[in-house]
Protein chains: 2
Amino acid sequence: MAAEELSNKRVIFKDYVTGYPKEEDMILTSATVPSKVPQGSTAVLLKNLYLSCDPYMRGRMSKPINRSYTDAFTPGSVIIGYGVSKVVDSGHPDFSPGDLVWGMTGWEEYSLVTTPKGLTKIKYTDVPLSYYTGILGMPGLTAYVGFHEICSPKKGETVYVSAASGAVGQLVGQFAKLMGCYVVGSAGTKEKVDLLKSKFGFDDAFNYKEEEDLDAALKRCFPDGIDIYFENVGGKMLDAVLLNMRVHGRIAVCGLISQYNLTQREGIYNMTSIVTKRIKMQGFIEPDHKHLYPQFLEAVIQYIRDGKVVYVEDIAEGIEKAPSALIGLFTGRNVGKQVVLVARDR
Amino acid sequence: MAAEELSNKRVIFKDYVTGYPKEEDMILTSATVPSKVPQGSTAVLLKNLYLSCDPYMRGRMSKPINRSYTDAFTPGSVIIGYGVSKVVDSGHPDFSPGDLVWGMTGWEEYSLVTTPKGLTKIKYTDVPLSYYTGILGMPGLTAYVGFHEICSPKKGETVYVSAASGAVGQLVGQFAKLMGCYVVGSAGTKEKVDLLKSKFGFDDAFNYKEEEDLDAALKRCFPDGIDIYFENVGGKMLDAVLLNMRVHGRIAVCGLISQYNLTQREGIYNMTSIVTKRIKMQGFIEPDHKHLYPQFLEAVIQYIRDGKVVYVEDIAEGIEKAPSALIGLFTGRNVGKQVVLVARDR
Ligand SMILES: NC(=O)c1ccc[n+]([C@@H]2O[C@H](COP(=O)([O-])OP(=O)(O)OC[C@H]3O[C@@H](n4cnc5c(N)ncnc54)[C@H](OP(=O)(O)O)[C@@H]3O)[C@@H](O)[C@H]2O)c1
Ligand SMILES: NC(=O)c1ccc[n+]([C@@H]2O[C@H](COP(=O)([O-])OP(=O)(O)OC[C@H]3O[C@@H](n4cnc5c(N)ncnc54)[C@H](OP(=O)(O)O)[C@@H]3O)[C@@H](O)[C@H]2O)c1
């Protein structure tokens with residue numbers, strides 16, 4: 001039977017970006033894709049259900065100068081990112097039509113994935129499938145390893161999380177509470193600050209945009225200092241945190257979102273604290289810790305089922321909304337994990 | 001028998017310092033001290049033989065604002081620092097006249113130490129006694145724990161040391177060579193750079209003052225990047241190093257001497273590397289690792305006896321020279337460990 005053609009809306013990366021990304025840096029187009037994988041190939045054809053908007057994608061939009069751990073997007077090609085998909089056709093022994101998977105896919109309705117090694121079959125479907133872009137996907141594992149492996153937390157320690165209501169931050173705060181820590185988060189709106197306290201169980205929270213003096217805000221929230229800082233934003237916040245760390249404090253450097261779109265980055269001036277307070281500051285990326293995914297999945301699915309951890313998502317409906325959803329991360333428009341719903345079909 | 005009085009030249013701390021310290025910030029005075037400890041006390045009276053000039057002393061000259069791990073000097077009082085001394089009289093059961101000790105003493109010819117818990121009896125005297133201000137004292141233990149405990153070095157890794165010819169740096173380089181690492185150092189004069197290569201066995205070295213572009217200098221010396229950076233200077237050097245670290249690199253933050261005298265510190269702009277390269281950056285101070293002193297002493301005395309490690313000292317003769325020797329650290333006038341010889345008497 002000859003493959004019929006499926007119509008396929010796609011989001012194309014226009015060209016390298018400097019400064020803040022704009023919707024116009026991505027172009028919505030229409031194309032078609034054969035409904036079958038090429039005969040004899042080991043490709044899989046995916047119907048994309050959810051696409052994930054993640055801050056690291058900004059890095060892939062920049063002209064490649066220094067090699068990084070991710071490659072740049074190719075101008076004129078479809079945007080690539082995490083997603084949740086259903087297998088439509090497969091030439092690969094590990095995947096069959098109907099399988100639900102999560103992993104790297106295209107920002108389009110259907111994706112032909114020629115080397116499906118970046119795809120994981122979804123084991124538990126008693127939770128929203130979109131969770132595999134967030135709490136049970138890359139951001140979830142990031143929060144889990146970042147907090148448990150990099151921060152070496154102990155019961156009773158004080159923990160500060162920036163971008164605390166986001167995909168990663170809301171989980172770090174909840175993991176820290178489960179560990180018996182005192183947890184404070186910051187976020188950029190009153191609504192988010194309320195969420196932190198009422199929904200995620202943070203002990204305290206503040207709106208960093210309304211603080212004239214970040215050092216003073218941290219001193220108010222942590223009169224005895226910070227044992228653990230989970231760093232999502234960088235810049236001025238990091239500088240203020242350095243002044244408020246306790247002796248032998250740890251900083252897990254997960255991301256520096258406040259710097260991603262600046263053409264001139266902010267300087268960090270308080271490095272002296274690293275010596276005087278004997279601070280350990282450690283960067284990490286989730287792909288280095290993939291081997292912990294099975295352990296993470298079992299732990300977190302149980303937390304979800306037991307109601308010990310909750311997760312807030314911000315779902316944009318329709319692939320047309322993907323560009324604005326992505327750029328919204330950099331102005332804090334998302335409340336919780338930013339997802340794009342492409343198709344409801346499970 | 002009544003105690004006779006000994007004449008006692010002393011170096012007095014004049015007042016808190018901003019910016020670079022000057023000789024005039026310290027005043028040479030003459031006083032007297034009784035030749036016996038007060039009856040019934042557990043004090044010891046020391047005759048100081050060598051005094052140590054150490055960069056951290058600059059911190060003690062600043063007006064205390066943020067509590068640090070060292071207290072500020074008291075204006076009008078004698079300068080305090082590490083030294084090597086001979087016990088003249090003792091009311092303490094652990095010390096007897098004639099004992100040689102190293103530890104905290106005053107910048108004066110004789111010091112009455114009322115609580116001698118900061119003093120260590122010298123076990124090996126087949127090396128220059130001044131070594132207990134350097135290779136066998138605080139800077140030695142700093143290099144030893146900083147490199148072995150904080151850097152987690154492995155054979156074959158690339159190591160970069162700044163202020164490499166100094167009290168700490170020359171040892172870090174030699175420890176790294178003994179470990180089988182590839183070692184490059186930087187220093188501020190041609191003479192020091194020559195020393196690094198000819199005397200301390202560094203694989204390569206450069207004069208950072210003659211490099212227009214520190215990033216380019218590091219790329220030249222480390223075409224495949226740096227696994228371990230032993231940080232002594234901070235500022236622009238740290239920023240350039242961050243661009244040249246390898247994935248999973250480690251930075252031991254020992255000191256930031258380039259920043260100690262600035263009223264406006266330099267910013268660090270390349271923090272993004274901490275995430276993309278998954279760098280661990282860790283501050284440490286020697287007092288936290290004192291329990292390793294016995295192990296360190298046995299290892300390093302053997303290295304010295306076997307000629308596996310050498311040590312260069314810069315000895316200023318006479319206590320009058322102490323102020324200029326101290327301030328010379330901050331312009332790089334010292335070649336090797338800066339010591340002040342107060343009295344030759346062993
Ligand atoms: N290392 C890794 O493997 C890894 C993996 C995933 C994510 N990350 C990093 O983790 C961080 C959080 O990612 P996420 O997925 O959880 O994103 P997110 O928090 O869900 O979304 C980004 C949030 O960042 C905040 N933000 C944006 N611009 C900011 C600025 N200039 N200053 C302060 N906050 C700003 C906004 O919240 P407000 O309203 O609070 O400002 C925004 O909602 C990012 O830095 C990301 O790059 C790292
Ligand atoms: N964490 C700890 O427990 C601990 C213990 C001991 C020492 N330290 C730190 O380790 C570092 C080295 O101490 P040390 O005792 O071995 O001193 P040192 O290297 O013997 O003497 C200081 C040297 O620093 C260099 N220097 C001065 N100003 C500089 C600048 N603006 N930029 C770059 N280099 C500069 C000079 O050498 P050049 O000619 O090469 O410029 C100078 O000779 C210092 O930062 C010190 O505070 C830390």
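Superposing the copies here means a least-squares fit on the C-alpha atoms of residues with pLDDT of at least 70 in both. In this predicted model, chain B lands on chain A after a rotation of 180 degrees, with 0.0 Å of shift along the axis and an RMSD of 0.0 Å. The two copies are thus related as by a two-fold rotation axis. Within chain B, the residue that comes closest to that axis is B:Gly267, its C-alpha lying at 2.1 Å.

As for the interface, chain B puts in 28 residues and chain A puts in 28 residues. About 2600 Å² is buried between the chains, 61% of it on carbon and sulfur atoms. On the chain B side, B:Tyr269, B:Val275 and B:Arg278 lose the most area to chain A, and together they make up 22% of what that side buries. Since 100% of the interface residues of chain B are also interface residues in chain A, the copies meet through the same surface.

Polar links turn up here too: twelve residue pairs are in polar contact between chain B and chain A, both residues at pLDDT 80 or more, and the salt bridges number two. One of these pairs the side chains of B:Asp288 and A:Arg278, with N to O at 2.7 Å. The elements of chain B that give two or more residues to this side are β12 (245-253), α7 (272-276) and β13 (280-283). By type, the side of chain B that touches chain A splits into 14 nonpolar, nine polar and five charged residues.

Turning to a single residue, A:Gln338 sits in strand β15 (residues 337-341) of chain A. At 6% relative accessibility, A:Gln338 counts as buried. Its side chain reaches the backbone oxygen of A:Asp314 at 3.1 Å.

Notes. Residues numbered from 1 in each chain as written. Chains lettered and ligands numbered in written order. Heavy atoms only, no water. Contact = heavy atoms within 4.5 Å. Helix = DSSP H or I, 4+ residues; strand = E, 2+ residues; numbered from the N terminus. Buried < 20%, exposed > 50% of the residue type's maximum accessible area, 1.4 Å probe, protein only. Polar contact = N/O pair within 3.5 Å; in protein donor to acceptor, adjacent residues only side chain to side chain. Buried area = accessible area lost by both parts, 1.4 Å probe. Salt bridge = Lys/Arg side-chain N within 4 Å of Asp/Glu carboxyl O. Nonpolar A, V, L, I, M, F, W, Y, C, P; charged D, E, K, R; others polar.
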